[in-house]
Amino acid sequence: GLLDAYQRFRDNVFHDTPVITFDYPDDRELFNFGQKLDQKCLDFVYQQVLKQCPNAKIVLFGSCRGAKCVLEYATKNPKHLAGIIV
């Protein structure tokens, strides 16, 4: 779903904006809602993007349970965000 949505949006919305996507398989053993490990994973990717481009305005893109993780992260880390798509 994320790949399809990105392909539809990329030419009209993203241009040169970094996009971080976050989603999970629906396996029961991986089932959670944006807990500490998920936030650390998302933060790691976010910080790596900023290392490469310190003035980046980033779009966070989350699907299903990934949307919950993206929303939680965005509320705590609004700096450098161009937007969120859930």
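Mentor: A disulfide is a pair of cysteine sulfur atoms within 2.5 Å. This is a predicted model, where local features need pLDDT of at least 70, side-chain atom pairs count only at pLDDT 80 or more, and totals for chains, interfaces and linings use all residues. Residues are numbered from 1 along each chain as its sequence is written, and side-chain values use heavy atoms, leaving out hydrogens and water.

Trainee: Okay, how many disulfides does that rule give?

Mentor: Let's try Cys 69. Its closest cysteine sulfur sits in Cys 41, and at 7.8 Å that's too far for a bond. Going by the rule, the disulfide count is zero.

Trainee: Is Cys 69 buried or exposed?

Mentor: Buried means under 20% relative accessible area, exposed means over 50%, and partly exposed is in between (1.4 Å probe, protein chains only). Cys 69 has a relative accessible area of 0%. Because of that value, Cys 69 counts as buried.

Trainee: Which residue's backbone oxygen does the side chain of Gln 39 reach?

Mentor: Start with where Gln 39 is: helix 2, residues 36-52 (helices are DSSP runs of H or I, at least four residues, and strands are runs of E, at least two, numbered from the N terminus). Gln 39 is buried too, at 13% relative accessible area. Its side chain comes to 3.2 Å from a backbone oxygen, and that oxygen belongs to Cys 69.

Trainee: How many salt bridges does the structure hold?

Mentor: A salt bridge is a side-chain nitrogen of Lys or Arg within 4 Å of a carboxyl oxygen of Asp or Glu. Lys 68 pairs with Glu 72, with the closest N and O atoms 2.5 Å apart, and Lys 76 pairs with Glu 72 at 3.2 Å. The number of salt bridges in the structure is two.

Trainee: By about how much of the helix are Lys 76 and Glu 72 separated?

Mentor: Both residues belong to helix 3, and they are four residues apart there. So the separation is about one helical turn.

Trainee: And which residues do the shared salt bridges join into one network?

Mentor: Glu 72 bonds with Lys 68, and Lys 76 also bridges to Glu 72. Shared partners link these into one network, made of Lys 68, Glu 72 and Lys 76.

Trainee: Last one: what separates the C-alpha atoms of Lys 57 and Gly 83?

Mentor: Lys 57 is in the loop between helix 2 and strand 2 (58-62). Along the chain, Lys 57 and Gly 83 are 26 residues apart. Their C-alpha atoms are separated by 8.2 Å.

Terms used:
Polar contact = N/O pair within 3.5 Å; in protein donor to acceptor, adjacent residues only side chain to side chain.
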